[in-house]
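This briefing goes through the salt bridges, the nonpolar cores and the surface of one protein chain, with the fold summarised along the way.

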Amino acid sequence: MTLLFLKLLLAHLVADFVIQPLKWIKDKEQKAFASTGLIYHAGVHALLYAIAFSFNPQYWLGFTILVVTHYLIDGFKCIAGRYADNYSGPDSLMNRRTFFVIDQILHLAIIAFVVSLYFSGISEWVIPQEKILALAIAVLLLTRVSSIIIKVVISRWAPLNVYDGDHSLANAGSFIGMLERLFIFVFILSGNWHGIGFLLAAKSVFRFGDLKEAHDRKLTEYILIGTLISFGLAITVGLAYLHLI
């Protein structure tokens with residue numbers, strides 16, 4: 001049961017957060033169910049789910065449920081997003097964040113439901129293959145998925161000058177966040193919790209000069225919120241991984 005769930009979860013994360021170009025997302029938002037981007041996106045999910053099921057026809061019902069519901073959920077989310085843009089005004093971004101969270105919760109719930117169709121809750125020992133899958137999912141969560149989640153959550157508070165490209169490397173903040181979460185993950189797995197405190201202190205030292213010169217309280221609070229969410233996600237993933245293995 002655990003192995004199948006991890007395979008399907010990995011397929012979902014890769015299809016939703018890695019193999020989905022921006023043009024597909026924009027096309028979905030504009031056309032909803034009439035979008036070719038949505039069709040391509042559902043096709044990628046279908047392929048990855050088929051791989052997760054090892055192309056075994058025994059799982060045809062679960063495969064069908066996952067692909068069809070993903071298509072429907074994403075389509076209705078896009079319609080709701082367009083409605084929010086047209087009628088919600090300043091609250092549209094908040095509504096889109098809500099839709100994003102609901103969308104992911106529904107997808108994960110359906111994956112769990114599909115797995116339950118083939119297993120009756122029997123506990124299994126985690127085998128090496130499952131450890132590899134769990135590690136792959138953890139790394140994906142700590143990198144691309146966390147970056148998107150953090151961006152979605154804190155976008156409402158972003159100061160106007162936070163994306164000033166004249167004073168920073170392209171996408172540097174995103175890569176720094178990924179690296180810090182991976183470091184935290186390694187610290188947790190190795191039992192070196194003090195390393196997390198050292199990492200937070202080191203980041204504070206490097207940030208102190210910029211924040212002091214900026215004299216911008218909003219920027220300081222924005223960075224603090226992003227840092228705490230990043231550390232919180234990394235610790236959560238690390239503890240979940242330890243519990244699983």
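Lys77 has a relative accessible area of 25% in this predicted model, and because that value lies neither under 20% nor over 50%, the residue counts as partly exposed. Its salt-bridge partner is Asp103, with the closest N and O atoms 3.9 Å apart, and this pair links distant parts of the chain, since Asp103 belongs to helix H5 (residues 92–118) and Lys77 to helix H4, 26 residues apart. Asp103, in contrast to the partly exposed Lys77, is buried, with a relative accessible area of 2%.

**Salt bridges**

- The structure holds three salt bridges, one of which is the pair of Asp103 and Lys77.
- Lys28 and Asp74 meet through their side chains in another salt bridge, at 3.3 Å from N to O, and because Lys28 lies in helix H2 and Asp74 in helix H4 (residues 60–87), the pair ties together parts that are 46 residues apart in sequence.
- Both partners of that bridge, Lys28 and Asp74, are buried.
- Lys31 forms a salt bridge with Asp27, the closest N and O atoms being 3.2 Å apart, and here both residues lie in helix H2, four residues apart, or about one turn of the helix.
- Within this pair Asp27 is buried, at a relative accessible area of 12%, whereas Lys31 counts as partly exposed, at 42%.

**The surroundings of Lys28**

- Lys28, found in helix H2 (residues 22–31), has a relative accessible area of 5%, and is therefore classed as buried.
- Besides the salt bridge with Asp74, the side chain of Lys28 makes a polar contact of 2.6 Å with the side chain of Gln20.
- Leaving aside neighbours within four places in sequence, Lys28 is in contact with Gln20, Ser35, Gly37, Leu38, His41, Asp74 and Cys78.

**Fold and overall composition**

- The secondary structure comes to nine helices and zero strands, so that from the N terminus on every element in the order α-α-α-α-α-α-α-α-α is a helix.
- Of the contacts in the chain with a separation of 6 or more, 80% are between residues 24 or more positions apart.
- Buried residues make up 36% of the 245 residues in the chain.

**Nonpolar cores**

- The largest nonpolar core has 23 residues, and those with the most contacts inside it are Leu13, Ile137, Ile184 and Phe185.
- Two or more residues of this core come from each of helix H1 (2–17), helix H6 (128–154), helix H7 (172–189), helix H8 (194–214) and H9, with H6 giving the most, at seven residues.
- Ile137 touches Leu6, Leu9, Leu10 and Leu13, when residues up to four places away in sequence are not counted.
- Another core, lying apart from the largest one, has 19 residues, among them Trp24, Ala46, Val67 and Ile111.

**Surface and the C-terminal part**

- The chain exposes about 14,400 Å², of which carbon and sulfur atoms supply 70%.
- A nonpolar patch on the surface is formed by Leu189, Trp193, Leu239, Leu242 and Ile245, which together have about 430 Å² of accessible area.
- Ile245 is placed in the segment after helix H9 (217–244) and is partly exposed, with a relative accessible area of 43%.
- Leu224, which lies in helix H9, is likewise partly exposed, with a relative accessible area of 48%.
- The C-alpha atoms of Leu224 and Ser204 are separated by 9.5 Å, the two residues being 20 residues apart along the chain.

How values were computed
Residues are numbered from 1 along each chain as its sequence is written. Side-chain values use heavy atoms; hydrogens and water are left out. Patches are made of residues with over 30% relative accessible area and no salt bridge: like charges are joined within 9 Å, nonpolar side chains (Val, Leu, Ile, Met, Phe, Trp, Tyr) within 5 Å. Accessible areas come from the Shrake-Rupley method with a 1.4 Å probe; for residues, only the protein chains shown count as cover. A salt bridge is a side-chain nitrogen of Lys or Arg within 4 Å of a carboxyl oxygen of Asp or Glu. Buried means under 20% relative accessible area, exposed over 50%, partly exposed in between (1.4 Å probe, protein chains only). A nonpolar core is a set of buried Ala, Val, Leu, Ile, Met, Phe, Trp, Tyr and Cys residues joined through side-chain atoms within 4.5 Å. Contact means heavy atoms within 4.5 Å. A polar contact is a pair of N or O atoms within 3.5 Å; within protein, one must be able to donate a hydrogen and the other to accept it, and residues adjacent in sequence count only if both atoms are side-chain atoms.
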